[in-house]
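Trainee: I have a structure open and should like to go through it with you. Could we begin with one of the loops?

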Amino acid sequence: MRNLAWTAAAVLMLGACGQESGDENADAAADAAATQEAQAPSEGNGAEDGGETEGSVTPPQNPYPSTYEPYPGEAVLLTGATVLTGTGERIENGSVLIADGKLAAVGAADSIEAPDGATTIDAKGKWITPGIIDIHSHLGDYPSPSNATTSDGNEIVGPNTAYVWAEHSVWPQDAGFTRALAGGITSLQILPGSANLFGGRSAILKNVPSRTVQGMKFPGAPYGLKMACGENPKRVYGERGGPYTRMGNMAGYRAAWIDAQSYKKKWDDYEEAYNEWADNDDDDKGDAPEAPARDLKLETLAGALRGDIRVNMHCYRADEMVQVLDMAEEFGYKVTTFHHAIEAYKIADYLAENEVCAAVWADWWGFKLEAFDTVGENAALVDAQPGGCAVIHSDDEYGIQRLNQEAAKAMADGRRIGFAIEPEHAIEWITANPAKAMGILDQTGTLEAGKMGDVVLWSGNPFSVYAKAEKVYIDGALMYDRSDPSRSPRVDFELGLHDNDYTGGAGQ
Amino acid sequence: MRNIMKKSTMKPLAVLASASAALLSAAAAQTVAIMDGTVHTVSGDIIEEGDVVIRDGRIAQVGADLTPPAGAQVIDASGKVVTPGLFGAYSSIGLVEIGAVEDANDSGPAEGFALGAALNVIDAFNPSSVVIPVNRAGGVTRALSAPAAGDSLFAGKAAVVDLSGRTNSVTRADTAQIAVMGEAGAGRKGGTRMGAWAVLREYLDEARSYAANPNDYVRRPHESRFALSDLKALGPVVEGAQPLIVQVNSANDIRTLIRLKNTYRLKVIIVGGTEAWRVGSELATAGVPVIIDGMANLPVQFEDIDATLKNAARLHQAGVDISFYEGAHNLRLIRQHAGNAVAEGLPHEAGLRALTLAPAEMFGVGDELGSLEAGKLADVVIWDGDPLEVTTKPEAVFINGRRQDLENRQHMLMRRYRDLSRGDLPHAYRGGESD
C-alpha cells in the first residue's frame, strides 16, 4: 500500500531507488564478487578456446543475448485518428499502417490505402502515438508481490557495484509489466537502485511478456550504467565505511574512473600487442601475449569510458549535476541522462550545452531534502533551451501506467507560463526523447515508416485523465486490447487466486 | 474537546463555530459574487451559468441569475467551473516538511515508543508548513491530518484542518482515532492477524472498563502494558462517538473488521481497502465508508491480490461512501485519483463528491462543509476547467469565505530561474518576491 505509513512512504518515495534503507548489512563479499579471475572465453571473435588461432581474447560483449522475437501481427490500418508522430508533427484525420511488424506508412488518411488483406480500424475521434517509453523503471527488480524475498533492485553491499546487471534480477512475472502495458508502455529501461555510487548495468526491454528476461531484451539496445549522486549513497554508506559526504561521493567516482582508465588501457595495450604479434610473420615470435584478467566491475566502467555503455546518473541538485559534468570531462565520458533531476531548471543551459537529457517527474517533491525544490515547470524549462532534452520518467510501478498523464501535467504547467507546448511536442518527452537517451531512437520512439510497429491507439487525447490505451501494438503485434480479455496478459502469480475467479491482468 | 461528536448534544456545531470564529472575523467584510460559472454544488444539481455569493465567511446564495449584493466583489466565472473546496480525507499534512529529514517529520513516532492512541496531531500540526500553500494552490481547502502508527496498533487522534495557513486552522480536533490492522497490524502485534485482532480487542475491552469507572480502574490491579493515556483516548471510540479509521486491505480482514464493529458498536472508516470492492454490499449494509488509493491495482502484498482500478466504481455501485487518500506533499493529487476512477466507470459527480462532501460527512462536518449550499462555510474553488482533469488548475480558492493566496515557493523558484542569464546580480537576488 502506498503512502499510508507516512514515514515509510517517505523512504519508498526515494523511489524504488530508495529501498536501500533496508537493514542489509554491508558485506565484504562485494569485492570478491567484483573480481572475477576467470579467463574469458572468447565470443567476440568466434574462437571457442581463448582465440589463440582466430584472434585475441575479448570479453564477451553479449553473453546473455536477447531472444526476443516479435509476435505475429496482421497488417492493420488505423485510420481517421489524430496522430502524434513523436517527431513534433500532429496529423488530424491521419492514418497509421502497420505491416510485417513495422510502420509501413504514416500520414493523412486519404494518402494511405489499406493493402490487400489488411484490417482497417476506424479510429475516428481517437488518438495515435508512438509506444510510450519509460527510461526509469524498476519493474521486475522490485516486483509485485513486494517483500524481502523479491526485493532485488539494490545491491547494498558496497558503494561501487558496477559489476551487477539489472537483468539478472528482473523477474519477468512481475504483474507490473502487464499494468504498464495497459498504460501504453512498449519499451522500458530497468535500472538498479540508487544506494550506490555505481549501481550496476541497466537492461532495456520490450514490454512483451516472456518466460525469460532474455525474451524481453530489446534487440541491439545498448547497456546503461546507473550512478547516483547525493543523499542516498552517503546515507547508506556513511556508517559503513563511506562515502560519508558529497565530497566522498565525488572521490569515490573519481577513484573508480581512474581504475577504469587503467583497466581500459590494459585491454587496449593487450589488443595492440596481440595485433602486433598476429601481424608478425616470424616463426619464432613465441606465444601470443596473455590477456589481462577480467574484472566485471571495471569492464562495465571501461565500457562507459568507451561510450558503449550509456551513463544514467540519478542526481537531484543543480550544483551536483554540474560537478558531474566536469567529472565526465575529466575522464572523457558522457552523461546521457540525469534522472530525478529535480533542479534541472536551475541549470537547463548547462544541460543543453552538454547535450544531456533531464528525466524528471511532473510533481513529486519533498520526500527528501534534495527533492525540495521541485517546480511544475521543470520539464518545460529544460525543454525551452535550444537543444534541451526533457524526459518524463516514472521510477514507480503506478506512475509508469500513466506517463501520459504525468506529461500532461508538465505540459499544462509549461503552457501556463507562456510556453506554447502542444501535445505533438510534449509527447516527445515520453517517446522520442527517452528513445534517444536510451540509444534506440533509430528503431522506435516515433511513428516513421520503417521503424518498429510500436503504436498506441488511445480512446481520446492522451493528455487527458480520461484517455485509455485501447490497443497497444509492439512490433506490429497486438499485445493489449482493452476490449478483448484474450489480449490482456496475466502473469503466473495471478492465476488461480481467490476461488479461481478472474484476478489480475493488464487491464486491472 | 473530546466527545464533541456525541450525537446527543449540539456541541459539535458549537465547537466548530467557535473554532471558526477567529478565522471569520478577518473575512467578515468580504462579500464575493462568483457569477456565471458551471457550478457543481455536489449536494444538488449542476447549475450551468450559476452564481455563488459568499458573505461573512459563508455561502449566502447559490443559484442562477442571482444579483450580486451591493458592494460585492464580482468575479466573472463564465467558462469556469465552480466547486466546493477539495477535502483530503486522509493525509499527514502539517506534520511533515521533508519526509526523510527527521527533524522535519512529525508524522509518526520513533521505533519503540510506548504510546499510540494518546497521540494527538494538533500538538504537532503546523499551519505554517510549506506543504500547505502548494496544496492550497491545488484546490485543497480542508484535510484530515492523521498521525502514522509507530509500534502500537493505534496511531492517535486525527484532526480536520483547513489549508488557510492561519494560526487557528484546526476545524475539528479529535475527529477520529487511527488503527493499523491487516499485514501492517500483524507486523506490529503478534506476527499474525489473530494476534493483532486479539490485541485490538484487549485494548477496546480495557478502554471500556476504564471508561466505565476511571477511578475504580486505576485503583484495582490492571495490566500495566495498557497506558492509561491510551485507554483514556480510546474512550470516545468505544462509546461509538468517535470514528475509528482502520487500515485494512484484504476482503477477509474487512469482514473481520465488520464483525468487530458490530460486536463493539464502533463507528468505523476504512483506509486502504484495496479489496473492498469484493465486500461492497457488506460494507454498505454496515455503513462503513472507504478511503482508497485510486491508483492501486497491483498485488503489492498478499492482502492486495484483487486490487483494481475499478475499486471506486464498484464500491460506489454497491452504495459505499468513498474518498481518496494521498500523503502530504501531493495531497493535491487526490483529484487525479478521482479522475482515474471516473475513467474506470465512477460517475463524474460521484468522483467530485468523493473529494468534497463524502469526507466531510465521514468526519461529522457535512453540515458545515463539502457542498455549495447556503449557510455552509465558504470553501470554494474556481477552476479553469474540469476539476478532475490533470491539466486543470484552480484560478481562485476561498477558505471560510476568504480568498486565498495561491503563491508558493515552487512558483517563486520557477520565476527566479526562468531567466538563466548572468544578469547584474546572482540569482539569489531575483524572483524571491511574491507576485
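Mentor: Certainly. Let us start with D475(A), which sits in the loop between β16 (469–474) and β17 (477–481) of chain A. Please keep in mind that this is a predicted model.

Trainee: What is the phi of D475(A)?

Mentor: Its phi is positive, about 50°, although D475(A) is not a glycine.

Trainee: And is D475(A) buried or exposed?

Mentor: D475(A) counts as buried, because it has 26 C-beta neighbours inside 10 Å, and the threshold for buried is 20 or more.

Trainee: Which residue of chain B, other than glycine, has a positive phi?

Mentor: D56(B) is one with such a value, with phi near 50°. D56(B) belongs to the loop between β2 and β3 of chain B. With 15 other C-beta atoms within 10 Å, D56(B) is partly exposed.

Trainee: How do the strands on either side of that loop pair?

Mentor: Strand β2 (residues 46–55) and strand β3 (residues 58–64) of chain B pair in the antiparallel sense, over 6 bridges. Within that pairing, D51(B) has G63(B) in β3(B) as its bridge partner. The hairpin has 2 residues between the strands, and D56(B) is where the positive phi occurs.

Trainee: Back to chain A, then. How many helices and strands does it have?

Mentor: Chain A has 12 helices and 17 strands. Of its 508 residues, 58% are buried. Taking contacts between residues at least 6 apart in sequence, 70% join residues at least 24 apart.

Trainee: What is the strand order in the open sheet of 6 strands?

Mentor: The order is β8-β10-β11-β12-β13-β14 in chain A, and the pairing is mixed. The edges are β8 (198–201) and β14 (390–392) of chain A; each has a single partner strand, so one side of each is left without a neighbour in the sheet. From one strand to the next, the twist averages 20°.

Trainee: In which sense does β14(A) pair with β13(A)?

Mentor: Strand β13 (residues 357–360) of chain A and β14(A) pair in the parallel sense, over 3 bridges. Across that pair, V360(A) stands opposite I392(A) of β14(A).

Trainee: What about the loop between β14 and α10 of chain A?

Mentor: D396(A) is located in that loop, between β14 and α10 (403–416). It is buried, with 25 other C-beta atoms within 10 Å. The C-alpha atom of D396(A) is 6.5 Å from that of S137(A), although the two residues are 259 apart along the chain.

Trainee: Let us change to helices. How covered is α6(A)?

Mentor: Helix α6 (residues 296–306) of chain A is mostly covered, with 9 of its 11 residues buried. Among them are K297(A), E299(A) and T300(A), as well as L298(A) and L301(A). After α6(A) comes G307(A), with a positive phi near 85°.

Trainee: At what angle does α5(A) pack on α6(A)?

Mentor: The angle between α5 (residues 246–279) of chain A and α6(A) is about 85°, and their axes are 8 Å apart. That makes the two helices roughly perpendicular, since the range for that term is 65 to 115 degrees.

Trainee: Which residues make the contact?

Mentor: From α5(A) they include A256(A), W257(A), Y263(A) and W267(A), and from α6(A) they include L298(A), L301(A), A302(A), L305(A) and R306(A). By class, the contact has 9 nonpolar, 1 polar and 3 charged residues.

Trainee: Where are the cis peptide bonds you flagged in your notes on chain A?

Mentor: One runs from S144(A) to P145(A), with omega near -5°. P145(A) lies in the loop between β6 (132–137) and α3 (175–182) of chain A. Another joins G242(A) and P243(A), with omega about 10°. P243(A) is found in the loop between α4 (231–237) and α5 of chain A.

Trainee: Last topic: how many residues of chain B are in contact with chain A?

Mentor: There are 53 residues of chain B in contact with 56 residues of chain A. On the chain B side, the elements that give two or more residues are β11 (268–272), α11 (334–343) and α14 (409–418). That side has 27 nonpolar, 20 polar and 6 charged residues.

Methods
Residues numbered from 1 in each chain as written. Chains lettered and ligands numbered in written order. Predicted model: local features only at pLDDT ≥ 70, side-chain atom pairs only at ≥ 80, totals over all residues. Buried ≥ 20, exposed ≤ 12 C-beta atoms within 10 Å, placed from the backbone. Helix = DSSP H or I, 4+ residues; strand = E, 2+ residues; numbered from the N terminus. Contact = placed C-beta atoms within 7 Å. Nonpolar A, V, L, I, M, F, W, Y, C, P; charged D, E, K, R; others polar. Pairing = 2+ DSSP bridges. Axes fitted to C-alpha atoms, helices over the stretch in contact; angles between N-to-C directions. Parallel < 35°, antiparallel > 145°, perpendicular 65-115°, else oblique.
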